[in-house]
Amino acid sequence: MPDFKDNLETRLLLLRRRLEEKQAPLRLERIARGRLRLDVAGTMTLETGGDDRTA
């Protein structure tokens, strides 16, 4: 499990940096150990898509 955790933390850190570099309206903020907050500038709309995968 530690390898998985390290990989997830690394990916989240890279995503955070990319969002900052692109000045995206989304930001990931670290609020506590192991906790992140998604910060959205403006209005956000969530849409669901159809799942075409078969089991």
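I count two residues as in contact when they have heavy atoms within 4.5 Å. I am working on a predicted model.

**Entry 1: overall fold**

I started with the secondary structure. The protein chain has one helix and two strands. Along the sequence I read the pattern α-β-β. The helix α1 covers 2-21, β1 covers 26-32 and β2 covers 35-40.

Next I looked up burial. The chain has 55 residues, and buried ones make up 4% of them. The protein chain exposes about 5,700 Å². Carbon and sulfur atoms supply 50% of that area.

**Entry 2: the strand pair**

I asked which way β1 and β2 run relative to each other, parallel or antiparallel. They run antiparallel, and six bridges join them. The two strands form a hairpin with two residues between them. I checked the turn and found G34 there, with a positive phi of about 80°. I also looked for a facing pair and noted that E29 stands opposite R37 in β2.

**Entry 3: R37**

I stayed with R37, which lies in strand β2. Is R37 buried, partly exposed or exposed? Its relative accessible area is 42%. Buried needs under 20% and exposed needs over 50%, so R37 counts as partly exposed.

Then I listed its partners, leaving aside neighbours within four places in sequence. R37 is in contact with R27, L28, E29 and I31. E29 is thus on the contact list, and E29 is also the residue that stands opposite R37. For R27 I looked up the spacing too. R37 and R27 are ten residues apart in sequence. In space they are 8.0 Å apart, C-alpha to C-alpha.

I added a reminder on strands. In a regular strand the side chains alternate between the two faces of the sheet.

**Entry 4: the largest pocket**

I turned to pockets last. The largest pocket has a volume of about 340 Å³. How many residues line the largest pocket? I found 13. E9, L12, R30, G34 and L36 lie nearest its centre. G34 is therefore a name I met twice: it is in the hairpin turn and among the lining residues nearest the pocket centre.

I checked where the lining comes from. α1, β1 and β2 each supply at least two residues. The largest share, six residues, comes from α1. By class, the lining has six nonpolar, one polar and six charged residues.

Definitions and conventions. Residues numbered from 1 in each chain as written. Predicted model: local features only at pLDDT ≥ 70, side-chain atom pairs only at ≥ 80, totals over all residues. Heavy atoms only, no water. 1 Å grid on protein atoms, 1.4 Å probe; cavity = no way out; pocket = protein on both sides within 12 Å on 5 of 7 lines; lining within 4 Å. Points joined across faces, edges and corners; volume = space filled by probe spheres on them. Helix = DSSP H or I, 4+ residues; strand = E, 2+ residues; numbered from the N terminus. Nonpolar A, V, L, I, M, F, W, Y, C, P; charged D, E, K, R; others polar. Buried < 20%, exposed > 50% of the residue type's maximum accessible area, 1.4 Å probe, protein only. Areas by Shrake-Rupley, 256 points an atom, 1.4 Å probe, with all protein chains shown as cover. Pairing = 2+ DSSP bridges.
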